[in-house]
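Biologist: I'd like to go through this model with you, one question at a time. Could you put it up first?

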Amino acid sequence: MNSPMPGLDQPLKSSTGIPGFDQITGGGLPRGRTTLLLGGPGSGKTIFALQFLAQGARECGQAGIFVAFEESPARIVANSAGFGWGLDVLTPGALHFVDAQPAPDLIQSGSFDLSGMLAGLGALADEIKAQRIVFDALDIVLALLPDGPSRRREIYRLHEWLLDRQLTGLITAKSGGDEERSLGDQPFGFMQFMVDCAVILNHRVTLGVSQRNLRVQKFRGSSFDENESPFIIGKDGFDVAVARTLGRTDAQVSNERVSSGVDRLDTMLGGGYYRGASVLITGFPGTAKTTLSGAFAEAACLRGERTLFVSFDSDGSEVIRNLTSVGIQLERFEKSGMLAMISARTITGSAESMLVRIKALAKEHNARCLVIDPVSTLSKSGNELTAHGVAERLIDWSKAAGITLVCTSLLDEMGGALGGGTPLQISTLADTWIHLNYLVQAGERNRGMSIVKSRGTAHSNQVRELILSEHGVTLADIYTAGGEVLMGTLRWEKESAERVANEVAEVAGQLKRVTLDAEEAVLEVRAKSLQTELVAKQIEKTLLERTTQSREGELSRVRARMRELRGADAARSDRDPE
Amino acid sequence: MNHAMDAPCYEFRLYVAGDAENSRLAAENLHALCAERLPQRHRIEVVDVLQDPKRAFADGIFMTPTLIKLAPAPQRKIIGSLSERKVVLLTLGLEAGH
């Protein structure tokens, strides 16, 4: 346990071995001093005390004595067998039980005191060199004392004895917890002033849900967390919930990306979720939150990472069957042990106990990825006040453990009306928040997905359409036209209309080209025939010229012949060309 | 008192814590009672828990003073200074209860 001030007050404390409590008190109970543990019936006083002694005997090498006023030691050991502290195998030299139950047939006459017991305990403590001692249910023996002053006297006697012997003492006594009458009413009130440390266990039932709280009321000479801290009694005993304190080392931050199980979502997120991140998927019922988390679980198992799937909504087998219909095959991984499906529908109890159970299961399964579907169950009736703190601790814990956490959360109408905040307000804590929505258009509902935030990631800010088919989960770009977002059939219609228009345009173009080709051909033909005609005309013209020349030549020859024949004189014939 | 010879002998063990006030009172009260009611037929063993703490512990004695009637049966245990004589007599079976 890391103490906020290591070295300074650590040696003065005796570790209780109770997760959380040693952190609240900075190391445990005051060493060599007396601590008073008050609580109502069934609030866990005896278990706390036993755990304190077991820790001393097993881990700190400090022998302890348990003085049982209320129950027989045999019963106490038997009852604690389930916690795995192995009290039954501890030797009496390490942990000694003293049966100090007043005999039922005890008759009392006149005044008496506890010196007999203290003398005996002193001898025993010397013998086994005890350093820790528990007086369980001191109220039982005090009740035998006739009046207030004699009770006080015995408490003084006990306190002095403890101080004298330098024993770390823990005295438990029944009391109504914090909802107590005025302190002076009873000897414990007076005792609370006397002891060095007082711890109060509260057990309330809110709307049928049991809520346990622990509060350190005083701790002389030490800083401590004064607030009520929820705790549960789990299978390892006490488990006190503490939020991560500032002094504690931060969880290791990883740059590794893990797939969300949906390729296009990975692209939108710049590669997937961060390892160890907490992812919140919100949405109305039926927006495929479970499907998206199932896709994540499948991807995790495919990578060979042990995964825990906690379903508060339906049975594990139902979840697997339902996811099969969208192409997510989880059954094989559950068979191979890679995936653990936990149906937590029937688990009732405080949010705190659910968290502890989830933590225990995750540890047991050695999970690297965790799905909680839906995490909003934690805030159902009776847990409204504590749920937020529990969710905080859930995220803190998963981060510290390096577990990638995917939670779904039902966003009811109320939450939606409050501006998209989830009832648990874990949206502020989550690293990545994916919101699923319905878009109702033209008589159909389509799923839209958007990334509300993703810390440390450049992410797409576009709404995508989430399409579920038997082949799996895909995302489609939505069709935006004229400021309108189209999804589903409308998107398809719009897309196909566009396709048809394209085809028509293409056909028209082709037709035009053909027509032009034809016209071109016609013109070419005409050009050819004209050319031929031209050649013919030219030939004709040449022929004509030649004919003309030869006729003229013939004529002049004829005239010359005729002149020869007439014998006319040259002069006349020169004047008269006839 | 006419069956003195047949009547059983009473065996007592008184656990005391040193010379504490209530322990001293208890011893006085017991001796006085025995002298009056059980003359010649009682035995008293006094155990000081401060002297012999382990024994008292082994005997299951946590409060002092404690008186145990070992015989005759049934065994009885009374804690306190034995100052309420009527209660003591009733418990030890030395007086019918009315």
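**Reading the model**

Biologist: What is the mean pLDDT of chain B?
Modeller: In chain B, 91% of the residues reach a pLDDT of 70 or more; pLDDT is the predictor's confidence in each residue, from 0 to 100. This is a predicted model, so to speak of local features we need pLDDT of at least 70, side-chain atom pairs count only at pLDDT 80 or more, and totals for chains, interfaces and linings use all residues. Residues are numbered from 1 along each chain as its sequence is written, while chains are lettered from A and ligands numbered from 1 in the order written. The mean for chain B is 83.

Biologist: Which ipTM does the model score?
Modeller: There are two scores to quote. The pTM is 0.65, and the ipTM is 0.84.

Biologist: How many strands does chain A have?
Modeller: Helices (H or I, at least four residues) and strands (E, at least two) are DSSP runs, numbered from the N terminus. For chain A that gives 16 helices, and the strands come to 25.

Biologist: What share of the residues of chain A count as buried?
Modeller: Buried takes 20 or more other C-beta atoms within 10 Å of a residue's own, exposed takes 12 or fewer, and partly exposed is in between, with C-beta atoms placed from the backbone. Of the 578 residues of chain A, the buried share is 41%.

Biologist: Is helix α15 of chain A largely buried or in the open?
Modeller: The helix covers residues 488-566, and Gly488(A), Leu490(A) and Arg491(A) are buried in it. The number buried is 3 of 79, so α15(A) lies largely in the open.

Biologist: How far apart are the end C-alpha atoms of α15(A)?
Modeller: The expected span is 1.5 Å times one less than the number of residues. For the 79 residues of α15(A) that makes 117 Å, and the model agrees, with the end C-alpha atoms separated by 116 Å.

Biologist: Which strands stand at the edges of the 9-strand sheet of chain A?
Modeller: Strands pair if DSSP finds at least two bridges between them. The sheet is open and mixed, in the order β17-β16-β18-β19-β15-β20-β21-β22-β23. Each edge strand has a single partner, so one side of each is left without a neighbour, and these strands are β17 (339-343) and β23 (472-477).

Biologist: How many bridges pair β20(A) with β21(A)?
Modeller: Strands β20 (residues 432-441) and β21 (residues 444-454) of chain A run antiparallel. Trp433(A) stands opposite Lys453(A), and His435(A) is opposite Ser450(A). In their hairpin, with 2 residues between the strands, Ala442(A) takes a positive phi near 45°. The number of bridges is 10.

Biologist: At what angle does helix α9 of chain A run to β18(A)?
Modeller: Axes are lines fitted to C-alpha atoms, for helices over the stretch in contact, and angles run from 0 to 180 degrees between N-to-C directions. Two residues are in contact if their C-beta atoms, placed from the backbone, lie within 7 Å. Helix α9 (residues 289-302) lies across several strands, including β15, β16 and β17 of chain A. To β18(A), the angle is about 165°.

Biologist: Which strand of chain A joins a sheet with strands of chain B?
Modeller: This open, mixed sheet has 5 strands, among them β4(B), β3(B), β1(B) and β2(B). The edge strand from chain B is β2 (42-48). In the parallel pairing with β4(B), over 2 bridges, the partner of Ile79(B) is Gln108(A). The strand from chain A is β6.

Biologist: How many residues does chain A give to the contact with chain B?
Modeller: Chain B gives 29 residues, which divide into 18 nonpolar, 7 polar and 4 charged. Here Ala, Val, Leu, Ile, Met, Phe, Trp, Tyr, Cys and Pro count as nonpolar, Asp, Glu, Lys and Arg as charged, and the others, Gly among them, as polar. From chain A the number is 20.

Biologist: Is Leu82(B) buried or exposed?
Modeller: Leu82(B) sits in the loop between β4 and α3 of chain B and has a positive phi of about 60°, although it is not a glycine. Most residues other than glycine have a negative phi. With 26 C-beta neighbours inside 10 Å, Leu82(B) counts as buried.
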